[in-house]
Structures are given as C-alpha cells and as structure tokens.
Amino acid sequence: AKAFGKGQLALYNESLQEEATQRLNLENALSEALSRDQFELYYQPIVQVSAGRAQVVGVEALLRWWQGERLVPPDQFIPVLEESGEIVAVGEWVLRQACTQVHQWHQQGLAGLRCSVNLSSRQLQEPGFAERVALILKETALPAASLVLEITESLLMRDGPETLATLRELESMGVRIALDDFGTGFSSLGYLHRYPLHIIKVDKSFITKAPTDERLKAISRAIIGLGRGLDMDVIAEGIETLEQMDFLHNEGCQFVQGYWFSRPQSALAIHPVLQRLSAT
Ligand code: C2E
Ligand code: CA
Ligand code: CA
Ligand code: CA
C-alpha cells in the first residue's frame, strides 16, 4: 500500500469493493440461471478425415449462458459454478440435454453420431455418478457407445479414490473417456496407463503453430504417435487453417475439430452443417 498516495488508496479500495460486488451479482444471477432456463448448449462437429474426405463422427457440447441478450462464454462462469458446487446440477442438465439432442439427431438420419460432454471434477467425485449417467442414457435412449465424457489432466491430478472406480464403471457400460487439453497441464504419461482412457485431445495451443514451429511440430507428432501406440483415438483441437489440416493429415491424425469446419453453434444452426458433413 506504500506505493499508493492517500487518494489512490481510496480508489484502490473502492475498486476492490466493486469487484466483490460484481462477483456477488454474478453468483446470484448464476444460481438462478438453471431454473430460469438461461443455459444453452452449442455444438461443434468432430470430423474424421481420411482419403481426402471429411465425415462428421460426433459433436462436442459446449455450455453457454444467456444473461439477457448477452451470451456469456463458459470460461467466465464455469469456475464460479465449480466453486459453489452448482456445477453438479448444471453438469447433469448438460448431460441430459446433450444426450437428448444427439438421440434426436440419430433419429433424423445422423445415426451413430457421438456426443462429447465436458466434465468437472466435482461431478466425477459425486457418489453414484456412473449410475446417474446410466440413468440419463436410459431416459434419453442414447446408446452408451455414443457417449464420450471429456476430462482433463488437472481433474485426474486432484482425483479422489473413487475416480478410478467410476471411470472403470463408465467404461464397462460402453461409455468412452477422452483426455482433454492433453499436454497443457501437469501431464503425466502415467495417467494414460493408470486410467481407462480412449481418446486424447491435442490442445489447440500445440496445433495453432505446429505447421511452422519445429518444436511444436515434434510435440504434436509425438502425441499422435503415442495415441496410435496406445490404440487411442487422437483428436486435434483448434484447427483453423488448411495448412494445419494438411500437417495433421500428413502426421496421420484422423480426427479434427475447429473453426475450419465450424464454430460451435446452436442445435438448430448446427444441424445443416452436420448433414452436409455427413453426406456421402
Ligand atoms: P474445451 O473443452 O477445451 O473446448 C474447446 C474450446 O475451444 C471451446 O471454447 C471452443 O469454442 C474453442 N474452439 C473450438 N475450435 C476452435 C478454433 O478453431 N480456434 C479457437 N481459437 N478456439 C476453438 P468454449 O466453448 O469457450 O469453452 C471453453 C471451455 O469451457 C471448454 O474448453 C471447457 O473446458 C469448458 N466447458 C464448456 N462447456 C462445458 C460444460 O458443459 N461443462 C464443463 N465442466 N466445462 C465446459
Ligand atoms: Ca472439451
Ligand atoms: Ca480442449
Ligand atoms: Ca480448454
């Protein structure tokens, strides 16, 4: 505080107070968002590229919050939901909503389309989580084989004793588990060995510069090779350019996701995109 003059210190306190007030407003608004039906899922296609052909194989559900006319991105509110524990209820809504939507698309001719849903650690640590998932699959009539749950390395780092058992239970149901943002956290290759994981998602921070940066190129190549050796699917995230597409294709990465194919969009807006990407 020594660096501040008297007036500046008052100003500083004021802005701290303002920040606290804003945070409180955000928390209050958020805690009513679910009951007020202010959440919406956007969907982004996951595409398989082989022999020069692109075929949609799944969608990732991404949460959005409509605060009045304003669309709030998840980075701004998911941490708040995680802290309050409300992410458990919201996460369950996400799961049910995404499964319902993808089942509907199955019936509209997009058979076999996979549904990827992001999980927070609180959800996975909730007792009976695997049973909740089984119930939602039953309710929504989505086959377990069509569901992919995305978890992060940091989630595994802070896991409880139940996490491994829960993941095994999910696997035995036929649900697939993806390791998201691979390589960005405190990666431990041990995770790939210890947990039942089926998919690696290469973080976009590697992909963005991979075609021009030799070191990032080597890292991306190694992750793709790792996936192949472990018999896991590898999905590269954040593909924005043809150059990145070509690079990944040459490296033998089969699955891609990014603005190059489509930005995440509402269910209504993404449907024609999915149809176009599934046309044979
Ligand atoms: P994520 O799981 O890594 O999701 C991918 C993010 O990359 C999404 O941001 C997506 O819009 C963005 N993205 C996709 N393609 C491109 C591209 O080509 N270029 C660039 N620059 N970005 C691209 P979004 O939707 O803002 O989500 C941010 C994060 O919020 C997600 O990162 C995920 O960690 C979290 N999140 C989103 N929905 C949920 C949810 O339902 N539950 C939980 N627990 N977390 C969620
Ligand atoms: Ca994800
Ligand atoms: Ca990711
Ligand atoms: Ca991320």
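**Close-up views of a predicted model**

**View 1. Surroundings of Ser121 in the predicted model.** Apart from neighbours within four places in sequence, the residues in contact with Ser121 are Leu155 and Arg158. Ser121 itself belongs to helix α4, which covers residues 121-125, and with a relative accessibility of 13% Ser121 counts as buried.

**View 2. Coordination of the calcium ion (ligand 2).** Four residues supply the donors, namely Glu60 through OE, Asn118 through OD1, Glu150 through OE and Asp180 through OD, at distances of 2.1 to 2.3 Å. Along the chain, these donors follow the spacing E-x57-N-x31-E-x29-D. Asn118, in strand β4 (residues 114-118), and Asp180, in strand β6 (residues 176-182), are 62 residues apart, and the pair thus links distant parts of the chain. The two also fall into separate accessibility classes, since Asn118, at 29% relative accessibility, counts as partly exposed, whereas Asp180, at 7%, counts as buried.

**View 3. Asp180 between two calcium ions.** The calcium ion (ligand 2) and the calcium ion (ligand 3) lie 4.1 Å apart, and Asp180 forms the bridge that joins them.

**View 4. Residues around ligand 1.** Ligand 1 is surrounded by 22 residues, of which Arg64, Ser120, Lys204, Glu240 and Tyr259 come nearest. A polar side-chain atom of Glu240 is placed 2.5 Å from a nitrogen atom of ligand 1. Two of the residues that coordinate the calcium ion (ligand 2), Glu60 and Asn118, also approach ligand 1: an N or O atom in the side chain of Glu60 is 3.2 Å from a ligand oxygen atom, and for the side chain of Asn118 the corresponding distance is 3.1 Å. Ligand 1 taken alone exposes 810 Å², of which the protein buries 84%.

Definitions and conventions
Residues numbered from 1 in each chain as written. Chains lettered and ligands numbered in written order. Predicted model: local features only at pLDDT ≥ 70, side-chain atom pairs only at ≥ 80, totals over all residues. Heavy atoms only, no water. Donors = N, O, S within 2.8 Å, 3.2 Å for Na, K, Ca; no water. Helix = DSSP H or I, 4+ residues; strand = E, 2+ residues; numbered from the N terminus. Buried < 20%, exposed > 50% of the residue type's maximum accessible area, 1.4 Å probe, protein only. Contact = heavy atoms within 4.5 Å. Near = heavy atom within 4 Å. Polar contact = N/O pair within 3.5 Å; in protein donor to acceptor, adjacent residues only side chain to side chain. Areas by Shrake-Rupley, 256 points an atom, 1.4 Å probe, with all protein chains shown as cover.
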